[in-house]
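I am opening a fresh notebook page for a structure that is new to me. Come along as I look things up, one entry at a time.

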Amino acid sequence: MTGIPGVGKTTVLNELQDLAKQNRVNLTVLNFGTIMNEIMRELGKQINRDEMREQDIETQRKVQDLAANEISNRAGQGTIVVDTHMFVKTSAGMWAGLPQSVLQRLGPRLLVLIEADSEQISGRRRSDMDRKRDAAVAENIELDLEWSRAVAAASSVTTGAPVKIIRNDAGKQKQAAQELFEAIRKTVGG
Ligand code: AP5
């Protein structure tokens, strides 16, 4: 499950977890960035989640692979939903969040893109004062949304997994979670 920063992934996934509980579905959400941040700290880099994309790309690649291993080790019974990114804006350029090495480890059955209007994403980013987000110009956000779709299409070709696009419009996070819940049920059962 992916979406550009501030689109509302975590908000929708919190609603999804409530839905799963209500329906007694065994579903676990893992945040890729949190796992990467824990690994970076174990490796001696005491940085916050918004500073990881500024690290050199080889460090990020190594930690990305370790995080993918960690997630794949946690796979057991039930559905695992990974909160992550199709791409990350690093100082070296647009970098795949789900390159071949990660896709092989995760083996996704469904790829999800959460989207919203660029003005809304821009407003959500500005309202999150506790985060260090990139500049929130609407036209840059449009490009990020397009880039996400392009990377999702490539990931779908590689994995054979379908891409589901879900809107997270203002105040509609519960509806977005319901749509996601149904998409998961249709694809992986439960
Ligand atoms: P991550 O933690 O995923 O950063 P992020 O994208 O900034 O995620 P957030 O949780 O902050 O934003 P969100 O889209 O979930 O929005 P939220 O729900 O908070 O990743 C951190 C870092 O990890 C990355 O930068 C990267 O370095 C690394 N990383 C991750 N995956 C990686 C990978 N695969 N490979 C390499 N590196 C990786 O909502 C935002 C705001 O909007 C909130 O205020 C919320 O209340 C509001 N809101 C949400 N939905 C609605 C709605 N429907 N209506 C009104 N308000 C809403």
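**Entry 1: a glycine in a loop.** I began with G44, and I found it exposed, with a relative accessible area of 55%. The cut-off for that word is over 50%, so G44 earns it. I should jot down early that this is a predicted model. Next I asked where G44 sits. G44 belongs to the loop between helix 2 and helix 3. I also looked at its backbone: G44 follows helix 2, and its phi is positive, near 95°. Then I checked a distance to P99, which is 55 residues away from G44 along the chain. Their C-alpha atoms are separated by 25 Å.

**Entry 2: helix 2 itself.** From G44 I stepped back to the helix before the loop. Helix 2 covers residues 32-42. What caps its N-terminal end? I found N31 there, with a side-chain oxygen 2.9 Å from the backbone nitrogen of G33. Then I listed which residues of helix 2 are buried: F32, G33, I35, M36, N37, I39 and M40. A general reminder helped me read that list: an α-helix has 3.6 residues a turn, so residues three or four places apart point the same way. I wanted to know what covers these buried residues. The cover includes strand 1 (27-31) and strand 2 (79-83), along with helix 3 (57-74) and helix 4 (100-106).

**Entry 3: helix 2 against helix 3.** Helix 3 was in that cover, so I looked at the pair more closely. Helix 2 and helix 3 pack at about 115°, and their axes are 9 Å apart. Their crossing is right-handed. On the helix 2 side, the contact is made by F32, I35, M36, I39 and M40. Helix 3 brings T59, Q60, V63, Q64, L66, A67, A68, E70, I71 and R74. I sorted the residues of this contact by class and got 10 nonpolar, three polar and two charged.

**Entry 4: a buried glutamine.** One name from helix 3 made me curious. Is Q60 buried or exposed? Q60 has 1% relative accessibility; buried means under 20%, so Q60 counts as buried. Q60 lies in helix 3. Setting aside neighbours within four places in sequence, I found Q60 in contact with M36, M40, M52, R53, E54, Q55, T90 and W95. For Q55 I noted a polar detail: its backbone oxygen lies 2.7 Å from a polar atom of the Q60 side chain. I also looked from Q60 to Q173, 113 residues apart in sequence, and found 31 Å from C-alpha to C-alpha.

**Entry 5: helix 1 and helix 7.** Q173 led me to helix 7 (residues 173-188), which packs with helix 1 (residues 9-22) at about 60°, with axes 8 Å apart. At that angle the two helices are therefore oblique to each other. Helix 1 passes helix 7 in a right-handed crossing. Residues of helix 1 in the contact include L13, L16 and L19, and those of helix 7 include Q173, L180 and F181. By class I found 10 nonpolar, three polar and two charged residues.

**Entry 6: helix 5 and helix 6.** My last pair was helix 5 (residues 118-127) and helix 6 (residues 138-159), which pack at about 110° with axes 9 Å apart. They are therefore roughly perpendicular to each other. Helix 5 passes helix 6 in a right-handed crossing. S118, E119, I121, S122 and R125 of helix 5 meet A138, I141, E142, D144 and L145 of helix 6. The classes here are four nonpolar, two polar and four charged.

Notes. Residues are numbered from 1 along each chain as its sequence is written. This is a predicted model: local features need pLDDT of at least 70, side-chain atom pairs count only at pLDDT 80 or more; totals for chains, interfaces and linings use all residues. Side-chain values use heavy atoms; hydrogens and water are left out. Buried means under 20% relative accessible area, exposed over 50%, partly exposed in between (1.4 Å probe, protein chains only). Helices (H or I, at least four residues) and strands (E, at least two) are DSSP runs, numbered from the N terminus. Contact means heavy atoms within 4.5 Å. A polar contact is a pair of N or O atoms within 3.5 Å; within protein, one must be able to donate a hydrogen and the other to accept it, and residues adjacent in sequence count only if both atoms are side-chain atoms. Axes are lines fitted to C-alpha atoms, for helices over the stretch in contact, and angles run from 0 to 180 degrees between N-to-C directions. Angles under 35 degrees count as roughly parallel, over 145 as roughly antiparallel, 65 to 115 as roughly perpendicular and the rest as oblique. A crossing is left-handed if the near helix is turned anticlockwise from the far one by less than a right angle, and right-handed if clockwise. Ala, Val, Leu, Ile, Met, Phe, Trp, Tyr, Cys and Pro count as nonpolar, Asp, Glu, Lys and Arg as charged, and the others, Gly among them, as polar.
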